[in-house]
Amino acid sequence: MKTDPRWLARIAALYDSKRRDFNWRLAADGVIHHHNGLAYGKAAFLRRLRRASPEGADRIIHDSETALSRLGFRYLGRPAPGAVLLDAGCGRGGSSLLLAAKYPRLAIRGVTLSAYQAAAARAAAKARGLGARVRFSRASMLDLPFKKGSFDLVWACESTEHVPDLRDFFREAARAARPGARLVVIAWVLNPAHPRAAGFAALTDRAYVTRVHPEEEYLRAASAEGWRLRLKKDLTGPTAAYWAGRAALKSGSGTEAFMAPAFASRALLYRLYSYDLVE
Ligand SMILES: C[S@@+](CC[C@H](N)C(=O)[O-])C[C@H]1O[C@@H](n2cnc3c(N)ncnc32)[C@H](O)[C@@H]1O
């Protein structure tokens, strides 16, 4: 189904507007994340944050976000020589920059709906001398400007929340990937059995232009489009601790007031899914 262009335009406008924002403030290393973090040992994490300077606290939060990226990369597996990865919904390129440093021969193509983000990611890649190996463009991951079978790996970190019908994402990813390709999705997932799920979903949808989906859809839509689930991992506990840490900062993004209780109550779940494209 073709996604309503007005919906895509709203997402682009949201990310075009986030420039000197909270995520940028955290990224003293130039690797800007737009995703949750992971904190293990909540009490000690909160103690560290309370004792830190404002800059130190930002660094702790940022490091916990980098920890999420690094954990997710493990589920991509080691790329074969000559492998090409699609960063589907790449933000300002944070994950791609880390992956490019980890795997010096991996080619990466990132897409985002935001022209500003694509330009910022390109500038960051250029500053790191990554040249043609890592490229970013403004494009929709639901209608990719790449030929069939272009990718060995697909990474979608907190981008599928923006997709109204997940089948559209899994279908286009399956077209752009080669048979046997590996896909890792990290996502906020609705827990429909929770009495406050609908309320929190409405808040996130309004603040972030999302459509948060229940887990069933990550299983059903993926399978219908040829993706075989290898494993799923629940990261709700460590991300709830991360949001508790954000709520304790002197200044945050403003969304902590509902994101922290949404994950703490498990009305929202934080999940990693790893799939292989059926050969
Ligand atoms: C929450 S940010 C995550 C960015 C990045 N993956 C990260 O982890 O830092 C969501 C990203 O998904 C992108 N996005 C959402 N829908 C998209 C679509 N249909 N096509 C391409 N990018 C999309 C947005 O433009 C934005 O860059």
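## Helix α10, strand β8 and the ligand shell

The buried residues of helix α10 are Pro238, Thr239, Ala240, Ala241, Tyr242, Trp243, Ala244, Gly245 and Arg246, where buried means that 20 or more other C-beta atoms, placed from the backbone, lie within 10 Å of a residue's own. The structure is a predicted model, in which local features need pLDDT of at least 70 and side-chain atom pairs count only at pLDDT 80 or more, while totals for chains, interfaces and linings use all residues. Residues are numbered from 1 along each chain as its sequence is written, and helices (H or I, at least four residues) and strands (E, at least two) are DSSP runs numbered from the N terminus.

Nine of the 12 residues of α10 are buried, so the helix is mostly covered, and its end C-alpha atoms are 16 Å apart, which agrees with the 16 Å that its 12 residues should span at 1.5 Å a residue, the expected span being 1.5 Å times one less than the number of residues. The buried residues of α10 pack against α3 (42-51), α4 (54-74), α11 and β8, contact meaning C-beta atoms, placed from the backbone, within 7 Å. Helix α11 (residues 256-264) has Phe258, Met259, Ala260, Ala262 and Phe263 as its buried residues, and these pack against α8 (197-208), α10 (236-247) and β8. Just after α11, Arg266 takes a positive phi of about 65°.

Strand β8 (residues 268-277) is also mostly covered, with seven of its 10 residues buried. The table lists its pairings, for which DSSP must find at least two bridges between two strands.

| Strand paired with β8 | Bridges | Sense | One bridge pair |
|---|---|---|---|
| β5 (residues 177-190) | nine bridges | antiparallel | Ile186 with Leu272 |
| β7 (residues 227-234) | seven bridges | antiparallel | Leu229 with Tyr275 |

The largest nonpolar core has 80 residues, and those with the most contacts inside it are Val154, Trp155, Ala173 and Leu268; such a core is a set of buried Ala, Val, Leu, Ile, Met, Phe, Trp, Tyr and Cys residues joined through C-beta atoms within 7 Å. Strand β5 gives the most to this core, with 10 residues. Not counting residues up to four places away in sequence, Leu268 touches residues including Trp188, Phe200, Ala262 and Phe263.

Of the 23 residues around the ligand, His34, Gly89, Gly91, Cys157 and Ser159 come nearest, a residue being near if its C-beta atom, placed from the backbone, lies within 6 Å. The elements that give two or more residues to this shell are α1 (5-17), α5 (94-102) and β2 (107-112), and the largest share, three residues, comes from α1.

Note on methods. Two residues are in contact if their C-beta atoms, placed from the backbone, lie within 7 Å.
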